[in-house]
Amino acid sequence: MNITGISNYIKKRTNITALFLCLAGVALNMLLSYIVTFFKLPLYLDTAGTVTVAMIGGYLPGVIVGFVSNIIKSIGDPSALYYGVLNVLIAFAASFFAGKGMHKKIRGIIGMILTFTVIGGGFGAIIPWFMDGISFDSESLSGLLYRTGYFNQGVSHLLSSIILDFPDKVITVLVSLGLVYIIPDRFYPFFRLNLRVQNSQSEDISVGEKPKTRKRSLRIKVLFALVFSLVTVAVVCAVLSVNVFKKMTVNEHTNLARGTAKLASGVVDGDRIDEYLKSHGNTQNYKETKKRLENILFSSEEIAFLYIYKPEPEGFRCIIDIDTDKAKAESIGKMIPYDEAFEPYIPQLLAGEEIDPITTNDRYGYLLTVAVPVFNSSGNCTCYAIADVDMMRLRDTGISFLTEIASVFLGFFILLCVFIIWLTDNRLIKPINAIVKCMDNIAHSSNTQESVDEDVRAFRSLGICTGDEIETLYLSAENMTKNHAEQMRSIRRLSDSTAKMQDGLIITMADLVESRDSDTGAHVQKTAAYVKIIVEGLNKKGYYPGKITPKFMSDVVRSAPLHDIGKINIPDGVLNKPGKLTDEEYEIMKTHTTAGKRIMENAISTVEGDSYLKEARNMAAYHHERWDGKGYPEGIHGEVIPLSARIMAVADVFDALTSKRVYKPAFPLEKALEILEEGKGKQFDPKCIEVFMESLPEVKVILKKYNKDE
């Protein structure tokens with residue numbers, strides 16, 4: 001597995017352990033909160049998991065744990081959602097203290113406790129203050145502080161909240177530190193969320209290695225982040241709005257029901273309750289009272305039921321029930337057992353005291369019930385006027401309210417998505433794509449100076465002006481491409497200069513060798529020219545397409561002057577002998593091929609990379625090989641002979657035929673061509689002879705230039 005693979009493996013495992021750490025933190029928060037609630041302790045302890053995770057895994061896992069914990073708690077206690085910000089702030093603070101190593105020092109621990117107390121007790125007191133106002137019992141700590149006369153209600157409320165929260169945060173910090181100290185510091189990196197998209201060190205990726213990536217459009221990523229953020233905010237806002245709406249509506253309808261019940265209690269004569277029961281409602285006063293109650297009930301669509309009940313130990317005794325069918329006489333005096341929701345209030349009902357509004361959901365429906373006592377002339381409670389509000393109507397109203405919110409949000413959501421897509425396309429994606437396209441063109445250009453300069457001009461013509469990091473990236477890339485073009489220009493100048501110097505050295509070396517041979521004037525220049533004619537002819541005809549490339553053609557032409565470099569080892573007596581060589585002398589002469597090969601191989605060994613001298617070696621070693629295999633030094637044949645040597649064989653023999661030697665005159669052109677034609681397919685490569693014959697006009701130009709004195 002390479003370095004990138006190991007990095008990705010660790011990254012995946014790290015994210016898994018971080019996820020488990022978050023789950024454990026949420027579980028710890030919920031467990032301690034449950035224990036506190038079960039034993040009715042004056043604590044919260046719902047941030048111990050948040051603090052622990054933040055100190056071990058960093059602020060992001062801590063924030064996740066804190067907020068998720070409050071969301072879960074809000075299922076049973078909607079107000080817990082409002083305090084999620086406290087958990088988030090505590091997570092940031094805990095991560096900060098741990099990052100500075102302050103959790104290992106006494107003063108740092110004290111600082112954590114005080115900071116958490118200010119956040120939990122201070123901000124925790126401000127939130128309900130602005131939501132519901134300040135209200136406290138005179139016997140509470142707030143009341144005691146207020147009665148001292150030194151503090152007003154607000155300050156008393158804030159100080160008491162901080163003082164009461166201090167023990168909670170002391171225990172929270174101690175529990176968290178105990179858990180943190182159990183885990184060695186070296187394991188902390190495995191609990192951190194790892195969402196990096198690049199390596200922190202350049203050594204992480206080997207040179208030339210391209211890391212594997214998944215192709216996702218930046219537009220999709222931005223849109224996903226926007227949608228996720230908007231939906232999350234919308235859901236939270238909708239839940240809060242619905243809760244606030246429900247709370248306000250319930251309060252409003254509670255007041256309506258209480259007002260209706262009080263109005264009804266004023267209509268009923270408390271001194272005549274026993275009379276109503278004995279007469280079963282057959283009195284004029286009962287009928288008039290019932291009529292007034294009906295008018296009260298039907299005057300408000302929000303009130304579902306209105307009735308007069310007398311509480312007794314066994315249940316309610318029905319006096320007047322507007323809900324029944326025309327308040328039939330049979331319902332008067334009927335005993336109705338207490339609903340389960342009324343059982344906690346039975347002592348208060350029998351004592352004639354007011355009770356809190358009651359919400360029930362039973363066979364009668366989902367109701368909000370308000371009961372107001374009816375007193376007789378002696379001030380004793382004889383019955384209760386009870387009004388019911390149908391909560392199903394409130395639910396329908398809540399659904400309607402939520403639908404309105406969703407409709408408005410959907411419109412803004414679509415508008416924002418379209419706007420963000422437009423903004424992302426024009427300010428982010430299009431500029432980046434333009435930069436990438438130009439950089440890709442530069443990377444895959446033909447590397448000629450003209451194409452590089454054109455790419456730079458195209459890059460500069462983009463004119464990206466976003467005023468942010470994209471523009472900075474563009475300007476940096478523009479400078480890089482401009483510098484690249486200048487470097488390429490400098491490298492080409494240096495390369496051209498080096499090539500000219502090398503060519504000059506080659507010609508000089510060849511001239512040094514050829515100057516020892518009295519009969520080979522301008523031989524290297526002419527053979528190089530013939531080689532160029534042949535290789536260009538082969539290229540035009542499409543022969544040997546896998547072999548003949550621009551580099552090959554350049555290497556062959558540049559190497560041609562070195563084909564006889566091995567003659568430097570031949571004695572002058574043999575090299576310049578005016579007559580025919582003896583067999584022994586001929587064998588000595590033939591060694592110039594192997595000597596040339598050896599000289600070139602020594603030169604190649606001193607040059608790194610792919611050198612044009614490799615073709616010089618082939619030409620020096622094999623230009624006397626024959627197509628039919630009867631040549632020397634190795635007797636190879638056909639296409640086994642390197643192509644550069646086969647080309648040089650034609651050029652070398654033709655120049656030898658058309659040039660004057662001490663042992664022969666120069667052959668006429670026609671005779672030389674005839675000899676070449678006869679050697680086609682025997683001594684020479686047929687294709688090389690073919691293109692040479694087809695290039696006679698160029699050949700004659702070379703002959704005229706160099707053989708004008710012969």
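## The largest nonpolar core

In this predicted model, the largest nonpolar core is made up of 36 residues. If you want to find its busiest spots, look for Leu538, Phe654 and Phe692, the residues with the most contacts inside this core. Several helices chip in: those giving two or more residues are H15 (523–541), H16 (550–559), H20 (643–658), H21 (669–678), H22 (686–693) and H23 (696–706). Helix H20 gives the most, with eight residues.

Now zoom in on Phe654. Which residues does Phe654 touch, leaving aside its neighbours within four places in sequence? They are Tyr530, Leu669, Ala672, Leu673, Leu676, Phe692, Val699 and Leu703. As a general rule, nonpolar side chains in soluble globular proteins tend to be buried together.

Another core lies apart from the largest one. This other core has 29 residues, including Tyr276, Ile303, Ala385 and Met391.

## The chain as a whole

Time to step back and look at the chain overall. The fold contains 23 helices and six strands. There are 710 residues in the chain, and buried residues make up 40% of them. Take the contacts between residues at least 6 apart in sequence: 64% of these join residues at least 24 apart.

What about the outside? The chain has an accessible surface of about 39800 Å². Carbon and sulfur atoms account for 60% of that surface.

## Two buried residues to look up

Thr117 sits in helix H5, which covers residues 106–132. Is Thr117 buried or exposed? Its relative accessible area is 3%, so Thr117 counts as buried, the cut-off being under 20%. The side chain of Thr117 reaches back to the backbone oxygen of Ile113, at 2.6 Å. Leaving aside neighbours within four places in sequence, Thr117 is also in contact with Gly122, Ile162, Asp165, Phe166 and Lys169.

Lys290 is part of helix H10, residues 284–298. With a relative accessible area of 17%, Lys290 is buried too, because this value is under 20%. Try finding Ile308 as well: Lys290 and Ile308 are 18 residues apart in sequence, and their C-alpha atoms are 9.8 Å apart in space.

## A nonpolar patch on the surface

Nonpolar residues also turn up on the surface here. Tyr59, Leu60, Ile64, Val68, Ile72, Ile75 and Phe92 form a nonpolar patch, and together they have about 640 Å² of accessible area. Which helix gives the largest share of the nonpolar patch? That would be helix H3 (residues 59–73), with five residues.

One patch member to check out is Ile75, found in the loop between H3 and helix H4 (84–99). Ile75 has 73% relative accessibility, and since anything over 50% is exposed, Ile75 gets that label.

## Salt bridges

Side chains of opposite charge can pair when their charged atoms come close. How many salt bridges does a search of the whole structure find? The search turns up 19.

Let's start with Arg272 and Glu275, whose side chains meet in a salt bridge at 4.0 Å, N to O. Arg272 is partly exposed, with a relative accessible area of 29%. Glu275 is partly exposed as well, at 34%.

Next come Glu615 and Lys547, with a salt bridge of 3.8 Å, N to O. This pair links distant parts of the chain, 68 residues apart: Glu615 is in helix H19 (residues 613–622), while Lys547 is in the loop between H15 and H16. Glu615 is buried, with a relative accessible area of 11%, whereas Lys547 is partly exposed at 40% relative accessibility.

Glu587 and Lys590 make another salt bridge, with their closest N and O atoms 3.3 Å apart. How far apart are they along helix H18 (residues 583–605)? They are three residues apart, so about one helical turn separates Glu587 from Lys590. Glu587 is partly exposed, with a relative accessible area of 45%. Finally, Asp165, Asp168 and Lys169 are joined into one network by salt bridges that share partners. You've met two of these names before: Asp165 and Lys169 are among the contacts of Thr117.

Technical notes
Residues numbered from 1 in each chain as written. Predicted model: local features only at pLDDT ≥ 70, side-chain atom pairs only at ≥ 80, totals over all residues. Heavy atoms only, no water. Helix = DSSP H or I, 4+ residues; strand = E, 2+ residues; numbered from the N terminus. Buried < 20%, exposed > 50% of the residue type's maximum accessible area, 1.4 Å probe, protein only. Core = buried A, V, L, I, M, F, W, Y, C linked by side-chain atoms within 4.5 Å. Contact = heavy atoms within 4.5 Å. Polar contact = N/O pair within 3.5 Å; in protein donor to acceptor, adjacent residues only side chain to side chain. Patch = residues over 30% accessible without salt bridge, like charges linked within 9 Å, V, L, I, M, F, W, Y side chains within 5 Å. Areas by Shrake-Rupley, 256 points an atom, 1.4 Å probe, with all protein chains shown as cover.
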